[in-house]
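The following explanation proceeds from a single residue to the helix that holds it, and then to the protein as a whole. The reader is invited to keep the sequence and the coordinates in view throughout.

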Amino acid sequence: MFFCQKGLLTEQRCFEILNRAKNICIKFGPEQLLGRIYRNLGNIDRRIWRSGVGDYSKMPSLENHHKAFEIAQ
């Protein structure tokens, strides 16, 4: 997420990296890290949507944020 905020990576590339990290974390990683990955996936998904046309029919769901919230509880 840091590299995407600084403009060093594109949003699509950040999304790919976070999806790979999510798959690894589901198998091996701690649950707290998985929650952070879900939160960042939701943020990147929303950022990709905002940088485009911003069509509300294509607005990303809050599924990743809900998963992060469930893990945080």
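**A buried glycine and its helix**

In H3 of this predicted model, the buried residues are Leu-34, Gly-35, Ile-37, Tyr-38, Asn-40, Leu-41, Gly-42, Ile-44 and Trp-49. One of them, Gly-35, serves here as the point of departure.

Gly-35 lies in helix H3, which covers residues 31-51. Its relative accessible area is 10%, and because buried denotes a value under 20%, Gly-35 is classed as buried.

Which residues touch Gly-35 once its neighbours within four places in sequence are left aside? The contacts are with Ala-68 and Ile-71. A further relation concerns His-66: this residue is 31 residues from Gly-35 in sequence, while the C-alpha atoms of the two are 9.6 Å apart in space.

The helix itself may be considered next. H3 comprises 21 residues, and the distance from its first C-alpha to its last is 30 Å, close to the 30 Å expected at 1.5 Å a residue.

At the level of the whole protein, the model contains four helices and zero strands. Read from the N terminus, the order of elements is α-α-α-α. The protein has 73 residues, of which 23% are buried. Among contacts with a separation of 6 or more, 45% join residues that are 24 or more positions apart. Finally, the accessible surface of the protein amounts to about 5,400 Å², and carbon and sulfur atoms contribute 55% of that surface.

Definitions and conventions: Residues are numbered from 1 along each chain as its sequence is written. This is a predicted model: local features need pLDDT of at least 70, side-chain atom pairs count only at pLDDT 80 or more; totals for chains, interfaces and linings use all residues. Side-chain values use heavy atoms; hydrogens and water are left out. Helices (H or I, at least four residues) and strands (E, at least two) are DSSP runs, numbered from the N terminus. Buried means under 20% relative accessible area, exposed over 50%, partly exposed in between (1.4 Å probe, protein chains only). Contact means heavy atoms within 4.5 Å. The expected span of a helix is 1.5 Å times one less than its number of residues. Accessible areas come from the Shrake-Rupley method with a 1.4 Å probe; for residues, only the protein chains shown count as cover.
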